[in-house]
Amino acid sequence: MILSCQNISKAFSEQPVLCNVSFHIEDYDKAAIVGINGAGKTTLLRIIVGEQSADEGMVSLAKGKTLGYLAQNQDVNSNHTIYDELLSVKSDIIEMERKIRQIELSMKQAEGKSLDELMETYTRLTHAFELANGYAYKSEITGVLKGLGFLEEEFSKQISTLSGGQKTRIALGRLLLLKPDLIILDEPTNHLDLNSIAWLETYLLNYKGAVLIVSHDRYFLDRITGKIIELDQTKATSFTGNYSAYAVKKEQLRAAELNAYLKQQQEIKHQEEVIEKLKSFNREKSIRRAESREKMLSKIEVLDKPTTARTDIHMTLTPRCISGNDVLHIEGLAKSFGKQTLFADMGMDLKRGEHVAIIGDNGTGKTTILKIINNLIDADAGAITLGTNVHIGYYDQEHHVLHMEKTLFEEISDAYPYLNNTEIRSTLAAFLFTGEDVYKRIEDLSGGERGRVSLAKLMLSESNFLILDEPTNHLDITSKEILEDALNAYEGTVLYVSHDRYFINRTASRILELSGGRLTSYLGNYDYYLEKKTASGEKNLSQESASKKDAPASDTKLDWQAQKEMQAKARKRENDLRKCEESITSLEEQLSEIENSMSQPDVATDVAKLQELTKRQQNLNEKLLPLYEQWELLLNE
């Protein structure tokens with residue numbers, strides 16, 4: 001065991017964040033900490049690395065083991081170039097190499113005992129040098145830099161000239177080269193493109209030490225982790241397996257806990273009814289029996305009602321009107337910044353109902369395409385044509401659609417003046433802004449909070465063509481799932497840029513890969529795209545080119561048919577899941593109404609009425625159990 005956390009507790013302003021959190025990490029574990037925003041994930045990491053102190057509990061790192069930590073945002077202060085910054089990590093090896101070269105020179109002139117001593121030192125140093133991978137440290141540095149998305153021509157850039165995201169990548173590179181026994185990473189994929197994330201996955205999978213990650217990237221967690229530590233309502237629970245395995249087990253546990261809770265509540269109600277009835281007889285024997293039952297009831301450890309899954313954000317996207325079949329046509333699009341040409345003579349078409357993801361490396365121009373479509377920046381050349389009755393709703397990662405000087409209430413009321421105060425407050429409450437929160441200024445909000453306001457405006461827009469730039473940034477996993485469900489149920493057209501492969505997998509019906517200034521179309525989700533890339537060796541792909549240099553029509557037709565079958569299957573599953581959830585909600589509401597009725601004084605003394613309600617309650621619970629099982633099966637499809 002390399003790390004042990006025992007009964008860690010932490011509170012801020014008397015508000016508990018962590019309570020008796022315990023878990024351990026073995027020497028070669030690849031583990032992740034998951035939980036909603038505010039669950040205490042980053043706080044726990046800071047306690048582990050010693051940046052914060054726990055109110056109670058103990059963190060133990062195995063003797064002689066080293067630990068490396070990458071926080072979410074790193075401000076690397078250095079006068080070095082990118083390459084020299086990472087080279088400084090290898091200072092011990094460089095010094096060893098200097099001594100070896102010095103000994104080689106000295107041996108040329110040494111004799112006798114002096115030569116023997118030099119030979120012995122030389123043998124020891126060269127062996128240590130080899131064990132430290134000294135003969136390949138330069139290529140190792142180059143490999144890490146390229147893996148993290150830096151081009152060779154960028155190696156000589158000064159650290160001081162880099163963006164925050166680039167500095168975070170440098171800090172990650174330093175940490176990987178240091179090779180501690182335990183690597184702790186807080187949102188490591190935030191500033192990486194898809195190729196860099198894939199490289200990091202492979203690196204960590206093959207890493208000889210242990211890894212502990214906090215991440216909202218579910219695809220990344222699925223590939224890397226074998227253990228999930230969930231933080232929920234200040235408590236920690238450990239699960240074996242990757243994220244998908246955890247999600248299934250979590251839903252099973254939640255269903256079992258809810259079932260146990262409902263059964264116990266039913267038994268408590270029954271016992272309370274019997275007690276009241278015995279007391280009503282007003283006889284000594286019946287009163288003693290009632291008191292005996294009361295004592296038994298008081299000793300029951302009452303179960304807490306389990307938290308309902310995905311209840312934080314409520315989002316429904318509904319188009320105001322139906323657009324024409326042709327939603328967007330682009331031809332001859334070109335854009336350059338200075339001497340850098342992003343793309344030239346680029347084209348694409350979108351049809352009504354398509355959900356299309358644009359993917360590609362950082363800096364290729366994905367966000368630029370979206371901004372040109374939304375008239376935020378001008379193209380150098382080309383024509384963009386919107387179809388009939390197309391109404392755009394835009395979500396951008398910099399939140400330009402928001403007005404920093406306004407309050408949340410003003411932001412919504414000014415954009416949608418037909419809403420009354422109650423409707424505005426209800427909308428904001430659906431995105432977790434309640435009470436005095438609605439009078440906060442946009443400029444004072446965090447990135448995640450601004451994202452939620454943008455999503456609220458998007459929901460109210462009733463647009464039939466959504467254009468989204470990194471919509472899952474700053475969202476926790478639960479909120480991502482809610483957005484995914486809203487998009488999958490959305491009947492309009494969607495075009496978005498994202499690095500979130502799990503999100504792309506769930507919501508995209510077509511992928512446009514931007515590379516080398518041109519778009520290549522893949523009819524399918526992210527897994528389908530990967531399959532095509534792998535099977536074809538990235539050559540001779542069965543693809544639909546946006547510039548109309550397509551693969552043979554027969555291949556395209558086969559792809560289209562396969563995609564249609566996949567979409568139909570996915571839609572059926574989503575519909576079945578939605579209907580199942582609606583049925584469960586309806587039955588739970590009926591059970592709640594029965595419980596309320598049974599607690600009414602006039603009903604509690606009416607034996608016939610109680611029997612009728614109890615029978616209805618039993619029937620509803622019998623209907624609920626198979627629905628829970630059906631729901632779990634649909635989730636696992």
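Which residues does Leu 204 touch, leaving aside those up to four places away in sequence? In this predicted model, the list runs to Lys 30, Leu 176, Leu 185, Val 211, Ile 213, Phe 220 and Ile 224. That makes Leu 204 a handy place to start looking around.

Leu 204 belongs to the largest nonpolar core, which has 51 residues. Along with Leu 204, the residues with the most contacts inside this core are Ile 141, Leu 145, Ile 170 and Leu 172. Helix H6, covering residues 164–178, gives the core its largest share, six residues. Now look elsewhere in the chain: apart from that core lies another one, made of 44 residues. Among its members are Met 315, Ile 412, Leu 419 and Leu 445. As a background idea, nonpolar side chains tend to be buried together in soluble globular proteins.

Let's step back to the whole chain. Its 637 residues include 48% that are buried, and its secondary structure comes to 20 helices and 19 strands. Take the contacts with a separation of 6 or more: 69% of them join residues 24 or more positions apart. Measured out along the principal axes, the C-alpha atoms fill a box of roughly 115 × 75 × 50 Å.

Finally, the outside and the charges. The chain exposes about 32,400 Å², and carbon and sulfur atoms supply 48% of that area. As for charged side chains, there are 77 positive and 97 negative ones. The centres of these two sets lie 2 Å apart.

Note on methods
Residues are numbered from 1 along each chain as its sequence is written. This is a predicted model: local features need pLDDT of at least 70, side-chain atom pairs count only at pLDDT 80 or more; totals for chains, interfaces and linings use all residues. Side-chain values use heavy atoms; hydrogens and water are left out. A nonpolar core is a set of buried Ala, Val, Leu, Ile, Met, Phe, Trp, Tyr and Cys residues joined through side-chain atoms within 4.5 Å. Buried means under 20% relative accessible area, exposed over 50%, partly exposed in between (1.4 Å probe, protein chains only). Helices (H or I, at least four residues) and strands (E, at least two) are DSSP runs, numbered from the N terminus. Contact means heavy atoms within 4.5 Å. Accessible areas come from the Shrake-Rupley method with a 1.4 Å probe; for residues, only the protein chains shown count as cover. Lys and Arg count as positive and Asp and Glu as negative; His and the chain ends are not counted. The place of a charge is taken as NZ of Lys, CZ of Arg, CG of Asp or CD of Glu.
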